[in-house]
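Colleague: Could you take a close look at a single part of this one for me? I'd like the local picture tied back to the rest of the complex.

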Amino acid sequence: MKARQGFFDFMKYVVLLIGSFVVFFPLYSVFVGAFKSRQEFYTNRLSLPSVWDFGNFAIAWEKGDLALGLGNTLFILVVSIVGNVLIGTMSAYALGRFDFKGRNFIIGAYLAAAVIPLITTQVVTYSVIKALGLYNTYGAPIVLYLGADVIQLIIYLQFIRNIPYELDESAMMEGASLFTIFRSIIFPLLGPATATVVILKFISIYNDYYVPYLYMPDRGLRTVATAIQSFVGPNAARMEVISAYILLIFIPTIAMFLFMQRFIFSGVTSGAVKS
Amino acid sequence: MNLSYKTQRIIVITAFLALPLVLLLLFTFYPSVMLVWYSFTDWDGFGFDMNFVGFKNYREIFSNPEYFRILRNNLFYFIGGLVQTALALFFAVILNSKLKGRNVFRVILFLPYILHQVAIAIMFQTVYHTSYGSLNKLLEMLGLGAWKQQWLGNPAINDWALAFVSLWMYMGYNMVIFIGALQSIPEDLYEAARIDGANAWQSFWRITLPGIKNVVELMLILTLSGALQAFTVPYIMTLGANDTSTFLMKTLDVAFKFNQFGLASALAVVLLMMVAAVVLIQRLMLKEGGTRA
């Protein structure tokens with residue numbers, strides 16, 4: 001019995017190592033490639049670099065407009081995430097704490113919106129953005145990330161149900177205004193949901209390609225996602241520089257992942273339950 | 001603050017909901033409704049010059065086999081997605097057992113999901129490259145040089161190669177969701193089964209699978225609707241060359257390259273209907289099961 005268990009465990013490790021190899025192999029090959037000279041890249045594709053040279057990173061950073069791309073992405077990220085958290089908590093408070101006419105209708109509308117695949121409606125959204133004069137401005141991605149993506153509302157609505165209403169009531173006994181209750185009781189207690197929202201939004205906005213691609217073609221408005229595409233085109237031959245570029249782009253989310261692992265796993269699980 | 005709670009209530013509800021509702025209407029519902037309207041017109045995407053053309057756009061779509069041939073390319077992503085769901089469940093079951101270092105493996109297998117998708121697509125270009133790609137080099141090193149391929153150039157395999165990239169990206173995500181679902185199955189069920197002499201395989205079929213049935217269904221639906229919307233990976237990696245275009249790529253091309261917004265809207269409506277049908281089937285299936293997802 002014990003020996004059999006040992007064999008099973010051994011097989012599990014074999015399978016897990018194969019899986020890990022498949023995950024790591026592409027990452028390994030760009031990692032070692034990024035440090036190689038041009039000549040070594042094409043002759044010794046898979047070995048460790050003979051000299052660890054950071055030159056490719058310098059070229060990638062400069063020629064790939066990465067400072068610009070990261071700056072733009074960061075700006076859009078911060079404004080959109082702050083907005084998402086405010087809008088999410090405020091609507092969850094209004095919808096989760098008060099019973100009023102039309103409340104169920106509004107909640108139903110949000111749930112329906114979550115089902116519509118937004119990429120299919122871009123053909124029309126494009127003309128809305130143009131009509132609002134937001135085309136080729138930071139405003140375009142920001143309003144789209146704020147308004148079109150409603151997952152944060154659903155996460156907050158689920159969460160606020162578990163905050164006991166007695167807390168609101170006792171604050172009202174002491175004469176606190178509803179806004180004070182929102183600001184100093186509800187908002188802080190929604191903290192764990194906020195952590196989830198921030199992480200899910202960070203990953204999806206940082207990775208998003210089609211919104212900046214469709215709405216901000218201007219060179220000065222490149223985000224990380226659109227900068228890389230234009231960088232790859234004319235320089236397609238220089239795979240070692242491209243490798244360095246890829247690694248630089250991977251760094252922000254990997255860093256976040258390593259520090260916030262626990263929140264990410266719980267965020268992904270709760271994010272899936274909504275659909 | 002001297003306002004009565006009744007007044008405050010009205011102010012809070014109005015003030016807190018006004019902006020989100022305007023955004024929701026403007027960027028989700030208005031485009032969806034207009035999409036349907038435009039699909040009956042010959043709008044070119046500029047100005048207000050458009051004519052009502054009835055079902056002309058739809059007739060064009062359903063009489064041109066080209067569009068449905070392209071839909072076949074989405075099928076590769078669906079099959080890839082099925083494999084991905086099966087693998088995710090397999091790894092989730094393994095990592096849910098008591099195993100040293102399981103957290104490390106969970107982190108490793110999940111890692112691709114958080115990486116930048118465009119960068120992943122470009123990374124796989126360097127992996128699949130025919131002469132300098134690391135995959136062909138690896139095959140050479142293993143003495144499997146005969147297996148070398150033009151991964152992105154050969155129309156017989158390039159769709160599989162692209163679908164694999166998508167699998168690589170999302171498998172860990174599905175796995176983590178499965179692990180969450182598996183942890184909600186009470187441990188004593190397994191205990192009882194063991195006492196009754198059930199083996200691991202029997203417990204899997206009789207306890208595990210029924211316990212996570214809803215999540216499995218949810219994953220399959222997400223896989224199908226994701227496959228219908230496949231876009232980023234093939235767009236970045238091949239731009240649709242060598243017959244790798246997907247339905248959504250075609251739709252966006254018709255709109256933004258050929259300025260046939262009316263026709264593109266009709267294509268988008270067809271896509272929307274397909275996704276809606278999938279979601280509807282899911283809802284019905286879940287209702288039948290009688291439990292929540």
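Modeller: Helices here are DSSP runs of type H or I with at least four residues, numbered from the N terminus. With that in hand, let's go to the loop of chain B that sits between helix 12 (247-256) and helix 13 (261-289), because that loop is where N259(B) lies. Bear in mind that everything here is a predicted model.

The backbone at N259(B) is what caught my eye: phi is near 55 degrees, a positive value in a residue that isn't glycine. As background, most residues other than glycine have a negative phi. Buried or exposed, then, or something in between for N259(B)? N259(B) counts as partly exposed, because 14 C-beta neighbours fall inside 10 Å, while the buried label starts at 20 and the exposed one stops at 12.

There's a nice parallel in the other chain. N136(A) has a positive phi too, near 60 degrees, and again it's a residue other than glycine. N136(A) is in a loop as well, the one linking helix 6 (122-131) to helix 7 (139-148) of chain A. Its label is partly exposed, since 15 other C-beta atoms lie within 10 Å.

How far should you trust the chain around our loop? Chain B averages a pLDDT of 83, and 96% of its residues score at least 70. The usual caveat is that where pLDDT is low, the predicted coordinates should not be read in detail. For the complex, the predictor gives an ipTM of 0.82 and a pTM of 0.82.

Now step from the loop into helix 13 (261-289). A268(B) has its C-alpha atom 9.8 Å from that of S32(B), although the two are 236 residues apart along the chain. S32(B) belongs to helix 1 of chain B. S32(B) is buried, because it has 20 other C-beta atoms within 10 Å, and 20 is just what the cut-off asks for. If you set aside neighbours within four places in sequence, the contacts of S32(B) are with I116(A) and T121(A).

That takes us to the interface, where 69 residues of chain B meet 67 residues of chain A. Which element gives the largest share on the chain B side? That's helix 1 (residues 5-38) of chain B, with 21 residues. By type, the chain B side splits into 55 nonpolar, 12 polar and 2 charged residues.

Zooming out, chain B has 13 helices and 0 strands, while chain A has 14 helices and, again, 0 strands. The radius of gyration of chain B is 24 Å, where a compact globule of 293 residues would come near 19 Å. Chain A also has 24 Å, against near 19 Å for a compact globule of 275 residues. Along the principal axes, the C-alpha atoms of chain B fill a box of roughly 75 × 70 × 40 Å, and the C-alpha trace of chain A spans about 75 × 70 × 35 Å.

Burial comes to 43% of the 293 residues in chain B and 42% of the 275 in chain A. Taking contacts between residues at least 6 apart in sequence, 69% of those in chain B join residues at least 24 apart; for chain A that share is 78%.

Methods. Residues numbered from 1 in each chain as written. Chains lettered and ligands numbered in written order. Predicted model: local features only at pLDDT ≥ 70, side-chain atom pairs only at ≥ 80, totals over all residues. Helix = DSSP H or I, 4+ residues; strand = E, 2+ residues; numbered from the N terminus. Rg over C-alpha atoms; globule rule 2.2 N^0.38 Å. Contact = placed C-beta atoms within 7 Å. Nonpolar A, V, L, I, M, F, W, Y, C, P; charged D, E, K, R; others polar. pLDDT = per-residue confidence, 0-100.
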